[in-house]
Amino acid sequence: MSSDLLKHSVNQYLEELPQPVQTRLYESPATCLAIYRLLPELAKYFMMSMVFNENFILLRDLDRWVKPNGKIQFQEAIKSLKSLHLIIPKKNDTGALMIGLNPTFRESFKNALTGGEVRNSFGIVIENNSISMDILNEYSSSKWETILHFMVGTPIAKIPSANVLNLLKSSGLMEETETTAEFKITNEGFQFLLQEANAQIWTLLLQYLKMAESFQMDPVDILNFIFMLGSLEVGKAYSTKELSDTQKNMLKDMRDYGLIFQKNSEASVFYPTNLSIVLTSDNKNAVRSAAGALDSVVQKNKDDSGNVDANTMLNDEVGLQGQKTPEGAVIVETNFKLYSYSNSPLQIAILSLFLHLKTRFANMVTGQITRESIRTALTNGITAEQIIAYLETHAHPQMRRLAEENLMKKLELDPNSKDTLQILPPTVVDQIRLWQLELDRVICYDGSLYSDFESSTEYNLLSKYAQDIGVLLWRDDKKRKFFVSKEGNSQVLDYAKRKLNKK
Amino acid sequence: MDAIADPNFKHQGNKLNAVEESPSLLTVVIDITPQLWTEFDGKKGKKGNILDVLKALIVFLNAHLAFNISNQVAVIAAHSQGIKYLYPKSGSNSNASELDDDHNDHYETNTDKFIISKNMYRRFRNVDETLVEELYTLFKEEKKNVGKLTQKSTLAGGMSAALAYTDRVTREMETMSLKSRIMVITCGSEKNNREEIFQYIPIMNCIFSATKIKCPIDVVKVGGSKESTFLQQTTDATNGIYLHVTSTNGLLQYFSIAMFIDPSLRQIIVKPNKGSVDFRTSCYVTGRVVAVGYICSVCLCVLSIIPPGNKCPACDSEFDERVIAKLKKKPVVPRLAKKKSSGHISK
């Protein structure tokens, strides 16, 4: 769910860019690939069907490809394609609406797929200059953890660089208290901590983009660099030669976030880390969080000393790393007890935001979800949805499997069942939501109160009209008073003037 | 309380309706039996049709990898002597091919790898390079075998291997809830009907296991007759797509439209399938496609003739002689007048 959120926020940023900037962005094949991956699935399918087809096609035909139960997705797909200016509408002779692909995008995307003219947009590899994965993983997770630890306020934390602090402040994740000039985490900051690693990085990078614009840095250069980072291969060295000046300036900042590694600041090569790969990925299992990354490094060292199991061998063959059972997996029971297989202080600190921690073992912590613990979280500005999403994405694979099996059984019994995958026990999910609702006992509406009517006919006339147009929020017939929402007020007033003046 | 609670829960419901994107695995089984393709080349009067297919396939694989960052691909070749994993390289073979590499290193780097651009996106390049390399060694082996050994179609074997691979990968990466599909590319010739028919039982077995692991099988048939009884049955039973193309021109366009439907999109996209599927089966002994035939009551194998020796050719169970005798009895042609009671008499 949060990956959707992430896509949404990145897409929104891209959609808001002026069209000339978008067109310049589409000149880079790597950027096109990354943008393509951010689109909704149906949109991706449509795009692919149009890439190798130079002709315009009827919008009606696209519509026919989709079954009636997929109309929502269809609308969503067309909307996102339009707002990114990826499709160009045109009327044909008979007046029917035709659409074609943006020619710049088509050219670049074709090149990306066929390996044609890619103009170094996927980086230049320097062979024979590789680096061990362990160093990279350790570097990236230590950098990233420093930021997170600083936000949680762990006493042992090192202080991140001034740039990072500036970014945290301007994004509103932390604020400087006026008296002591100390940094204090804000409500947004708490919410930020519960997000997945890729969403977190993007939040910071979008903020970075906004700040960079004020320094007259070209957003196209920055975005191209960010998307390029997402398409590189971890463990390879890349040359800085072909980078533009803006991008060279960015290297230092990216180093501070742990996205890239350089042996020293003047080095002519840089190494992308696994954090940078997460940028264009919505795969929550690639890197769960930096905490998980650090744990997996520890785990890996253990594995290396022992026997290398067949699993990792195969994964290397297929070209994937880190697909093992993620560290920090959480099990939630129906009795509100929670077990988390993690000993990373960060994971524990995050859990303690909404959990009453009970015991700590060598490789796990246990805790209880209580009304108090959830309320503390809610008053800190964390929403019930965020807690649930966090628990869902960090759920232990066993829980996921169990839920999938249950769903499968249900679907076999009743193929039309509308049930969705329930990873967490429904009792817990509902209860957390109910605890949030406890805080929302009062809902405020802006509007106007109508009272002091001369006669009941007058009252009835107006209140009935307000009800008919659906703006009536509350009425009391005895006291002859009713309340109308802000949006409907002017309509009711107009009506009153027309009707009552006539008499 | 209810009035307040409602909007909150409704909102949640809408959110859950959104399709969660999950990565998918595409396993391609390609039939590269040289005999079939040469026949096809001869018929079209154009050489190297298989190269067109392979070129389109490589771009198609890239497109699949572009669809989602954690998408996976695998390619299996069904050649005249068996099957071979082209990507990922099979473990035991990799050592051997490394040795081979030393031999013809200069040749390969000069020609084959040159096709793949150096600056291509790394994930594409890794797949494409391995694929081209493995194909090259495979074709060389095939060349040695020309004329020496009998050639037979190993498509069903390739499909079984694809299913086994799919099952293994989904199990290994169950944390990712990987979806999967299989695509079969074959070349049809006029003569191979008989060949295909003997693959009926293995293909049926593939269909059953594919439906069990909910893996759709798509089929592209290049050239040959328009229909392909058993492969069409395969796509029909597994919710796959059957596509027949007459030439390899513009194959990529076909791939990127008809074959690009991700498993997660199958529920909402109209499949480009044609209506009718031939559901007939084949005889175990003669290989003829039969509409009405005999069935062994033990193993359910279908026969068009009464087998010699009164034994089931598949499971060796002996048939009851009386039943056989009854079946062998010539039909009685009754006189017209006794038409009504004829049924009772013949019994």
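These are my notebook entries on strands, backbone oddities, cysteines and cores in a predicted model.

**Ground rules.** I number residues from 1 along each chain as its sequence is written, letter chains from A and number ligands from 1 in the order in which they are written. In this predicted model local features need pLDDT of at least 70, side-chain atom pairs count only at pLDDT 80 or more, and totals for chains, interfaces and linings use all residues, while side-chain values use heavy atoms, with hydrogens and water left out.

**Entry 1: strand β11 of chain A.** I took helices (H or I, at least four residues) and strands (E, at least two) as DSSP runs, numbered from the N terminus. I then looked at residues 337-341, strand β11(A). Its side chains alternate. L338(A) and S340(A) point to one face and are buried; buried means under 20% relative accessible area, exposed over 50%, partly exposed in between, with a 1.4 Å probe and protein chains only. K337(A), Y339(A) and Y341(A) point to the other face and are not buried.

Next I checked the partners of β11(A). Two strands pair if DSSP finds at least two bridges between them. Strand β10(A), residues 329-332, runs antiparallel to β11(A), with four bridges joining them. Across this pair, V332(A) stands opposite L338(A), and V330(A) stands opposite S340(A). Strand β13(A), residues 365-368, is also antiparallel to β11(A) and is joined to it by four bridges. There, T366(A) is the bridge partner of Y339(A).

**Entry 2: backbone oddities.** Most residues other than glycine have a negative phi, and most peptide bonds are trans. I went looking for exceptions.

- F336(A) has a positive phi near 70° and is not a glycine. The hairpin of β10(A) and β11(A), with four residues between the strands, holds this residue. F336(A) counts as buried because its relative accessibility is 17%.
- D452(A) is also not a glycine, yet its phi is positive, about 55°. I found D452(A) in the loop between β14 (447-450) and α22 (456-468) of chain A. D452(A) is exposed, with a relative accessible area of 72%.
- The peptide bond from Y87(B) to P88(B) is cis, with omega near -10°. P88(B) sits in the loop between β3 (82-87) and α4 (91-103) of chain B.

**Entry 3: cysteines.** How many disulfides does a search of the whole structure find? The search finds zero over all chains, a disulfide being a pair of cysteine sulfur atoms within 2.5 Å. I looked at C206(B) as one case. Its closest cysteine sulfur is in C215(B), 10 Å away, so the gap is too far for a bond. C206(B) is buried, at 2% relative accessible area. I also checked C444(A), which is exposed at 69% relative accessibility.

**Entry 4: the sheet of chain B.** Strands of a sheet pair through backbone hydrogen bonds, either parallel or antiparallel. Six strands of chain B form an open sheet with mixed pairing, in the order β3-β2-β1-β4-β5-β6. The edge strands, β3 and β6 (242-245), each pair on one side only. Neighbouring strands are turned by 20° against each other on average, direction ignored. For such angles, axes are lines fitted to C-alpha atoms, for helices over the stretch in contact, and angles run from 0 to 180 degrees between N-to-C directions.

At one edge, β2(B), residues 72-79, pairs with β3(B) in the antiparallel sense over five bridges. Y87(B) of β3(B) is the bridge partner of V75(B). Y87(B) also begins the cis bond noted above.

I then noted two helices. Helix α6(B), residues 122-145, lies across β2(B) and β3(B), at about 150° to β3(B). Helix α10(B), residues 229-238, lies across β4 (179-187), β5 (217-222) and β6 of chain B, at about 155° to β5(B).

**Entry 5: cores.** I defined a nonpolar core as a set of buried Ala, Val, Leu, Ile, Met, Phe, Trp, Tyr and Cys residues joined through side-chain atoms within 4.5 Å. The largest one has 171 residues. Among those with the most contacts inside it are L14(A), Y36(A) and F270(A). Helix α3(B), residues 49-67, gives the most to this core, with 13 residues. Another core, of 22 residues, lies apart from it and includes L163(B), I207(B) and Y242(B).

I looked up Y36(A) last. Not counting residues up to four places away in sequence, its contacts include F105(A), F109(A), A66(B), F67(B) and F260(B); contact means heavy atoms within 4.5 Å.
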